[in-house]
Amino acid sequence: MAGTLAEKVWDAHIVRRGTDGAPDLLYIDLHLVHEVTSPQAFEGLRLAGRPVRRPDLTIATEDHNTPTLDIDRPIADLTSRTQIQTLRNNAAEFGVRLHSLGDADQGIVHQVGPQLGLTMPGLTVVCGDSHTSTHGAFGALAFGIGTSEVEHVLATQTLPLAPFKTMAITVDGELPKGATSKDIILAIIAKIGTGGGQGYVLEYRGEAIRALSMEARMTICNMSIEAGARAGMIAPDETTFEYLKGRPHAPEGADWDAAVEYWSTLRSDDDAVFDTEVVLRASDLEPFVTWGTNPGQGLPLSSNVPVPSEIADENERVAAERALEYMGLEPGMPLRDIAVDTVFIGSCTNGRIEDLRSVAKLVKGRKKADSLRVLVVPSSARVRLQAEAEGLDQIFLDFGAEWRNAGCSMCLGMNPDQLAPGERSASTSNRNFEGRQGKGGRTHLVSPLVAGATAIRGTLSSVADLGPDVEVPDGSPLEGAPVADARQSA
Amino acid sequence: MEKFSQHTGVGVPLRRSNVDTDQIIPAVYLKRVTRTGFEDALFAAWRGDPEFVLNQDAYRSGSVLVAGPDFGTGSSREHAVWALKDYGFRAVLSTRFADIFRGNSGKQGLLAAQVAQEDIELLWKVLEARPGTEVTVDLVAKQARADDVVVPFEVDDYTRWRLMEGLDDIGLTLKHEGEITEFEATRASWRPLTLPAKHLPPVEVVAARPVLRHGDDALA
């Protein structure tokens, strides 16, 4: 029978099919763990006297509340320090592999899996973190879970789950210069809404998606959750295989050949039926920014802040009024006139080497606007090391930016990297919720290119605003850079 | 888990849509390593506003939250459910719940009941016209009742059964341990193992230090 990519991966993991409305019991190939959503799960195991069933399918890293400065000193915040210490104790007690602060493989959990070659096509991947959808870029079925489910997976390596619905999102054509995968996903969320994906696995397809690098695909799948979806997937292809080959945990020899043969079958059949289909034309896209307090409240940078009185739907109108009040914005003002105080470049959405390279190319030889601060936080220690080997750190420092250690950082402000009340950011992260980056902080979600241009001009800007002669940079290594690939960077 | 078949308590009208889990409990409260003690963190940013619904005497002891559409979006943090439960809530009524939040609720014995938007509006009117009105949430009849308003709600059959029986998921799954072991025996050898760990060669990671900005003040 014809099937979608999501259905194929699902079916290959059914341990026990549910009957009479009961969910299927699904096997989990890879369980990623971090310090925030795991302590209560390990405590549950301890109380019940249960072991971790498969420590060899589990890996932990410290990311959410790790500091990005002074990582060789004791963590100043006592509750953060306790939470990290709790993860270290739990990992030791239950035999779970852990990458701690200071370790070259430490970093945001959604960067660590792919860079170690643990994330692969056809897997089921879970983590107590909603941005687990990132791993879907490889053609894995990957989704965020709550702490009770973390405990369930630790104890049983399975999860009882009711099947998801499927939605095909086709992005046809070619992206115009200056538009990126971040703009694709912001446009999708604005189109289908923050609840539009609820109950669905999204499959991104079409020419514009095929043309994207692995890292750009990860940015899209990462934000599937902002449309309410459980997961986002992209069928694996040569780009995927090329990214994986040679990574520490990638299959080798006959295993590699068998894997590629299987992975090549992981695509939706031509006659597969999706529950819903959405089509976008890439050529219509331009740099997108959010103006409100949820990721669905976004518009092309060339537009104006919405005027709530012109919104017909009452719920949406009230939400827009609230959002504009919180954001301190005038209805109808051009988005380009919005001045920001902080530019944050980082997170599991846009903190990878290609993101850092494209911004570095843009800001090289320039100075940031005096009115703002710029924080650059690589998504993992390896990404930081690679960037330093390529000389990106010096470009950012010369620009006037701060170069930090890896972690989630200002994406959610669990560590000291926070916005002050009323402070406004242009952020390459994934959520613009009230207070997300610090109590009273105001967030505009942007692509790395818009972040870079904004850091130069001081107001929300695209590369085009820097002048007609400015080339739009891509994520390839800088000319003359000494090393280009994380696999050899060490 | 405690069995849940019916609950009656003060209804709290929350006239907001897209109440994300960062609003239910901000990230700074997620650093605790216990499962309880989150009551003060619930809606922390809004609790400072005297006009906020839970700061009004009639609603303070509420246990049935009636919210706008898309409740519990965003982060997967189960702390959102713990905070609602620790405060005293037993049920949340909304037009639409985020998937992860709804799943987390079911695991923790908090009922996430899906109600049509026009019925939410009816309940809001009753609860606002007569603050302190109690709402009965009847899981057997799949109905919520407040004064003369009776509205149906949806909850999936499996979650409903588990709530009514007070069943623990892990215990249920481990009844099928033999099948899990059988499945594991068929796992292809290319599928990854995290142990033994494979790495790139070790490299020293040097700590970043604070830098001066605007010429004077060190960044906190």
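These questions and answers walk through a predicted model with chains A and B.

Q: Which helix of chain A gives the most residues to the largest nonpolar core?
A: Start with the core itself, which has 90 residues. The members that touch the most other members are A:Phe143, A:Val171, A:Ile188, A:Tyr204 and A:Trp263. As for helices, the top contributor, with 7 residues, is H6 (residues 181-192) of chain A.

Q: Which residues does A:Ile188 touch, not counting residues up to four places away in sequence?
A: A:Ile188 is one of the core members that touch the most others. Two more from that group, A:Val171 and A:Tyr204, turn up among its contacts. The full set is A:Ile169, A:Val171, A:Gly193, A:Tyr204 and A:Leu280.

Q: How many residues are in the other core, the one that includes A:Ala360?
A: This core lies apart from the 90-residue one. Besides A:Ala360, its members include A:Ile345, A:Ala369 and A:Leu460. The count is 46 residues.

Q: How many of the 11 residues of helix H13 of chain A are buried?
A: H13(A) covers residues 353-363 and is largely enclosed by the rest of the structure. Its buried residues include A:Leu356, A:Val359 and A:Ala360, but also A:Asp355 and A:Arg357. Just after the helix, A:Gly365 takes a positive phi of about 80°. The buried count for H13(A) is 9.

Q: Is A:Thr443 buried or exposed?
A: A:Thr443 is in strand E19 (residues 442-445) of chain A. Beyond its neighbours within four places in sequence, A:Thr443 contacts residues including A:Thr290, A:Met327, A:Leu419 and A:Arg431. Being buried means under 20% relative accessible area. A:Thr443 has 1% relative accessibility, so it counts as buried.

Q: Which side chain makes a polar contact with the side chain of A:Thr443?
A: The contacts of A:Thr443 include several polar candidates, among them A:Ser425, A:Ser427, A:Asn432 and A:Gln437. The side-chain polar contact in question is at 2.7 Å. The partner is A:Gln437.

Q: Which strands are the edge strands of the open sheet in chain B?
A: The sheet has 7 strands in the order E4-E3-E2-E1-E5-E6-E7, with mixed pairing. The twist averages 25° from one strand to the next. An edge strand pairs on one side only, and that points to E4 (111-114) and E7 (149-152) of chain B.

Q: What is the bridge partner of B:Val64 in E3(B)?
A: E2 (residues 64-67) of chain B pairs in the parallel sense with E3 (residues 91-94) of chain B over 3 bridges. E1 (residues 6-14) of chain B and E2(B) are parallel too, over 4 bridges, and there B:Gly11 is matched with B:Val64. Over in E3(B), the partner of B:Val64 is B:Ala91.

Q: Which residues cover the two faces of E2(B)?
A: Both faces of this strand are covered, and the four residues are all buried. One side has B:Val64 and B:Val66. The other side has B:Leu65 and B:Ala67.

Q: Which residue of chain A has a side chain in polar contact with the side chain of B:Thr173?
A: B:Thr173 is in helix H8 (residues 169-174) of chain B and is buried, with a relative accessible area of 4%. Its contacts beyond four places in sequence include A:Leu25, A:Thr156 and A:Pro160, along with B:Ile180. The side-chain polar contact, at 2.8 Å, is with A:His152.

Definitions and conventions. Residues are numbered from 1 along each chain as its sequence is written. Chains are lettered from A and ligands numbered from 1 in the order in which they are written. This is a predicted model: local features need pLDDT of at least 70, side-chain atom pairs count only at pLDDT 80 or more; totals for chains, interfaces and linings use all residues. Side-chain values use heavy atoms; hydrogens and water are left out. A nonpolar core is a set of buried Ala, Val, Leu, Ile, Met, Phe, Trp, Tyr and Cys residues joined through side-chain atoms within 4.5 Å. Buried means under 20% relative accessible area, exposed over 50%, partly exposed in between (1.4 Å probe, protein chains only). Contact means heavy atoms within 4.5 Å. Two strands pair if DSSP finds at least two bridges between them. Axes are lines fitted to C-alpha atoms, for helices over the stretch in contact, and angles run from 0 to 180 degrees between N-to-C directions. A polar contact is a pair of N or O atoms within 3.5 Å; within protein, one must be able to donate a hydrogen and the other to accept it, and residues adjacent in sequence count only if both atoms are side-chain atoms.
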